[in-house]
Amino acid sequence: PSTARIVAAKLLLFGESTSISFPSGNSYYTGSGNPENSCLVQRVTGGNWDQTTITWNNMPATTTLGQDTILPSNSAFNYNAITDVTKLVAAMVKSGKNYGFCLRMVTEDPYRVMLFATSESTEPSLRPKLIIRYR
């Protein structure tokens, strides 16, 4: 509800066990020799977008206010992450505008990868989950 006071919000992301696009999985894990791959979770502020047409060049604006960091992966596949998005969700409720989240690497580089299942995953248990507690 628009009058809700957000107590806590967690975003749960689940790693894939294989990938055609990224056959080596996450770019950083013990012994990989690849650079660290921390990931940011930011709030989208620039308006609606369509997942079928969005690209890096036409994505809406995001804000770093309240962003959280997903720690570097520690395995090639099946890397799961839980991140605190309380501040991001509270800002969405306060503004009355929810355009979603943006995940981006701390250091943008073509070879830095963090691989998570999407809402279209054929395995329902791997789809992202947002858990919100409010009063």
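**Around phenylalanine 116: sheet, helix and core**

Let me begin with phenylalanine 116, which, once its neighbours within four places in sequence are set aside, is in contact with Leu13, Phe14, Gly15, Glu16, Ile70, Tyr79 and Ala81. I should say at once that this is a predicted model, and that what follows is computed from it.

One of those contacts deserves a closer look, since a search of the whole structure finds 1 aromatic pair. The ring centres of tyrosine 79 and phenylalanine 116 are 6.4 Å apart and their planes stand at 35°, so the pair is classed as tilted. Tyrosine 79 sits in the loop between β3 and β4 (81–84), while phenylalanine 116 sits in the loop between β5 and β6 (129–134), so the pair ties together parts that are 37 residues apart in sequence. Both tyrosine 79 and phenylalanine 116 are buried.

These two residues also appear in the largest nonpolar core, which has 15 residues, and in which Val41, Ile70, Tyr79, Val85, Met114 and Phe116 touch the most other members. At least two residues of this core come from each of β1, β2 and α1, and β1 gives the most, with 4 residues.

Turning to the sheet, we have an open arrangement of 3 strands in the order β3-β2-β5, with antiparallel pairing. Its edge strands are β3 (62–70) and β5 (101–105), each of which pairs on one side only, and neighbouring strands are turned by 30° against each other on average, with direction ignored. Between β2 (residues 39–44) and β5, which run antiparallel, there are 5 bridges; as an example of bridge partners, glutamine 42 is matched with cysteine 102 in β5.

Helix α1 (residues 86–95) lies across β2, β3 and β5, and runs at about 5° to β2. Which residues of α1 are buried? They are Thr86, Leu88, Val89 and Met92, and, seen down the axis of α1, they fall within an arc of 165°, so they line one face of the helix. On the other side of α1, Lys87 and Lys94 are exposed. The cover over the buried residues of α1 includes β1 (6–13), β2, β3, β4, β5 and β6, and thus takes in the three strands that the helix lies across, namely β2, β3 and β5. After α1 comes glycine 96, whose phi is positive, near 75°.

To close where I started, phenylalanine 116 is buried, is in contact with Tyr79, and is among the core residues that touch the most other members.

Technical notes: Residues are numbered from 1 along each chain as its sequence is written. This is a predicted model: local features need pLDDT of at least 70, side-chain atom pairs count only at pLDDT 80 or more; totals for chains, interfaces and linings use all residues. Side-chain values use heavy atoms; hydrogens and water are left out. Two strands pair if DSSP finds at least two bridges between them. Axes are lines fitted to C-alpha atoms, for helices over the stretch in contact, and angles run from 0 to 180 degrees between N-to-C directions. Contact means heavy atoms within 4.5 Å. Rings of Phe, Tyr and Trp (its six-membered ring) pair if their centres lie within 6.5 Å; planes under 30 degrees apart count as stacked, over 60 as edge-to-face and the rest as tilted. Buried means under 20% relative accessible area, exposed over 50%, partly exposed in between (1.4 Å probe, protein chains only). The arc is that of the directions from the helix axis to the C-beta atoms. A nonpolar core is a set of buried Ala, Val, Leu, Ile, Met, Phe, Trp, Tyr and Cys residues joined through side-chain atoms within 4.5 Å.
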